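I opened a notebook page for this structure and wrote down what I looked up, entry by entry.

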Amino acid sequence: MAKDYYNILGVSKTSSGEEIKKAFRKLAHEHHPDKQGGNAEKFKEINEAYQTLGNEQKRQQYDQFGQSFSGGGPAGGQGFGGFQDFSRGNPFGQGFSSQGFNFGDFEDLEYVFGGLGDLFGGGRKSGKKSARGRDLEVELDVDFSEAVFGAEKVIDLQKDINCPECRGSGAEPGSKVSNCLHCGGRGRVQRVQQTIFGNMATETICPECQGEGKKIEKKCRHCHGEGISKGSEKIKINIPAGINDEQSLKLSGKGEVASKGTAGDLYLKIHIRPNKKFNRAGDDIRSEAHISIRQAALGDKIEVETVDGLVALRIPEGTQSHTQFRLREKGVPHLRGRGRGDHLVEVIVDIPKHLDRQQKKLIEDLNI
Ligand SMILES: [Zn+2]
Ligand SMILES: [Zn+2]
């Protein structure tokens with residue numbers, strides 16, 4: 001039994017190319033599988049017919065070899081696969097070569113049907129839709145020294161997590177999950193569009209399963225089939241040495257989980273708790289050191305507190321108040337790259353506020 005392409009398109013053997021095109025468009029529109037009441041089988045058949053009749057050369061070949069040509073092809077009841085096998089396995093079978101059937105044409109034909117095979121079942125892309133969970137931003141307080149030297153922290157984050165009952169699948173534990181019949185489990189269907197270059201196939205998310213490729217028999221009672229629930233997740237955070245106030249850390253995939261999709265990202269905005277002794281200026285650390293008039297005038301060796309502990313600092317004689325001294329490489333490690341900032345010490349000369357009579361007399365005698 002041969003398929004009658006003319007009959008399928010509702011045209012006659014004498015119809016013009018334009019008439020065939022018009023008939024095809026009308027029918028393709030009518031039976032498009034994405035439309036309500038569409039029919040994929042019928043649509044496939046219409047396409048198949050048009051692939052041949054819409055091409056002058058192929059139409060001629062079909063007119064000439066019609067019976068045997070289609071007899072080995074889709075009309076054999078095997079669909080497109082059958083035709084492909086046929087064309088690959090028996091390129092010169094069915095007496096084509098002896099009748100002058102050009103092999104080049106044949107390849108062309110195979111290409112056309114190969115393309116159609118792709119349209120109706122050979123999709124290669126993975127079926128998952130790209131639903132993505134929300135990104136989250138969380139503020140994180142860290143101590144001054146944790147920001148300088150880095151730290152490991154664990155936070156307990158409240159957010160949408162994968163449902164613990166069904167582990168995010170949305171299916172009641174123990175219930176059956178089968179492949180979506182509409183898309184065959186691929187999650188995507190192919191749509192054929194007519195362009196001036198011919199029929200172009202584009203992939204879209206399967207409307208039946210929303211791209212999951214699966215049909216759930218019984219929805220998880222805990223999450224009503226959504227696969228997500230409110231919960232908390234303990235997240236370990238490595239705070240890098242040298243991070244500064246207001247900087248953010250990105251933890252990929254630690255945001256909220258989407259219903260059967262991928263998780264968003266988590267952004268941690270760092271807040272450094274103020275420190276009584278140290279101030280930060282970029283990667284430099286600033287502090288003050290108080291010295292007496294005597295130390296300022298005569299010079300001395302003092303100990304300065306740094307993040308590395310006590311460090312000796314020589315105060316030269318005649319040091320003025322508010323003089324800054326630089327302790328190299330005692331600051332904050334550079335977040336990117338080697339080395340550290342410096343520690344800057346501002347010396348404050350303390351002027352005594354209460355002197356007894358004898359002290360006052362001595363200072364007067366100094367005459368300075
Ligand atoms: Zn669940
Ligand atoms: Zn589907």
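In what sense do S10 and strand S11 pair, and over how many bridges? I found that S10 and S11 (residues 284-292) pair in the antiparallel sense, over 3 bridges. I noted that the model is a predicted one. For one position in this pairing, I read that Arg-280 stands opposite Ile-285 in S11.

Entry: the sheet around this pair.
I looked up the sheet and found 4 strands in the order S10-S11-S15-S14. The sheet is open, and its pairing is mixed. At its edges I found S10 (279-281) and S14 (323-327), each of which pairs on one side only. I also noted the turn between neighbouring strands of this sheet, which is 35° on average with direction ignored.

Entry: the whole protein.
I went back to the totals and counted in 9 helices and 15 strands. The protein has 368 residues, of which 25% count as buried. I then looked at contacts with a separation of 6 or more, and 64% of them come from residues 24 or more positions apart.

Entry: the sheet with S9.
Which strands make up the open sheet of 3 strands, and in what order? I read the order as S1-S9-S8, with mixed pairing. S1 (136-142) and S8 (248-251) stand at the edges with a single partner strand each, so one side of each has no neighbour in the sheet. Neighbouring strands here are turned by 25° against each other on average, direction ignored.

I took the two pairings in turn. S1 and S9 (residues 266-272) pair in the parallel sense over 7 bridges. Along this pairing, Glu-137 stands opposite Tyr-267, and Val-142 stands opposite Ile-272. S8 and S9 pair in the antiparallel sense over 4 bridges. There I found Lys-269 of S9 as the bridge partner of Ser-248.

Which residues of S9 lie on its covered face, and which on the uncovered one? I listed Leu-266, Leu-268, Ile-270 and Ile-272 on the covered face. The uncovered face has Tyr-267, Lys-269 and His-271.

Entry: helix H2.
I checked the length of H2 (residues 17-31) against what its 15 residues should span. At 1.5 Å a residue the expected span is 21 Å, and the end C-alpha atoms are 21 Å apart, so the two agree. Next I looked up its buried residues, which are Ile-20, Ala-23, Phe-24, Leu-27 and Ala-28. They cover an arc of only 130° around the axis and therefore lie on the same side of H2. I added the general point that an α-helix has 3.6 residues a turn, so residues three or four places apart point the same way. What covers the buried residues of H2 includes helix H1 (5-9) and helix H3 (40-53).

Entry: the nonpolar cores.
Which residues touch the most other members of the largest nonpolar core? The core has 13 residues, and I noted Leu-9, Phe-24, Leu-27, Ile-46, Ala-49, Tyr-50 and Leu-53 as the ones that do. H1, H2 and H3 each supply at least two residues of this core. I followed Phe-24 and found that it touches Leu-9, Ile-46, Tyr-50 and Gly-54, leaving aside residues up to four places away in sequence. A second, separate core has 12 residues, including Ala-147, Ile-243, Ile-270 and Ile-272. I had already met Ile-270 and Ile-272 on the covered face of S9.

Technical notes. Residues numbered from 1 in each chain as written. Chains lettered and ligands numbered in written order. Predicted model: local features only at pLDDT ≥ 70, side-chain atom pairs only at ≥ 80, totals over all residues. Pairing = 2+ DSSP bridges. Axes fitted to C-alpha atoms, helices over the stretch in contact; angles between N-to-C directions. Expected span 1.5 Å × (residues − 1). Buried ≥ 20, exposed ≤ 12 C-beta atoms within 10 Å, placed from the backbone. Arc of directions from axis to C-beta. Contact = placed C-beta atoms within 7 Å. Core = buried A, V, L, I, M, F, W, Y, C linked by C-beta atoms within 7 Å.
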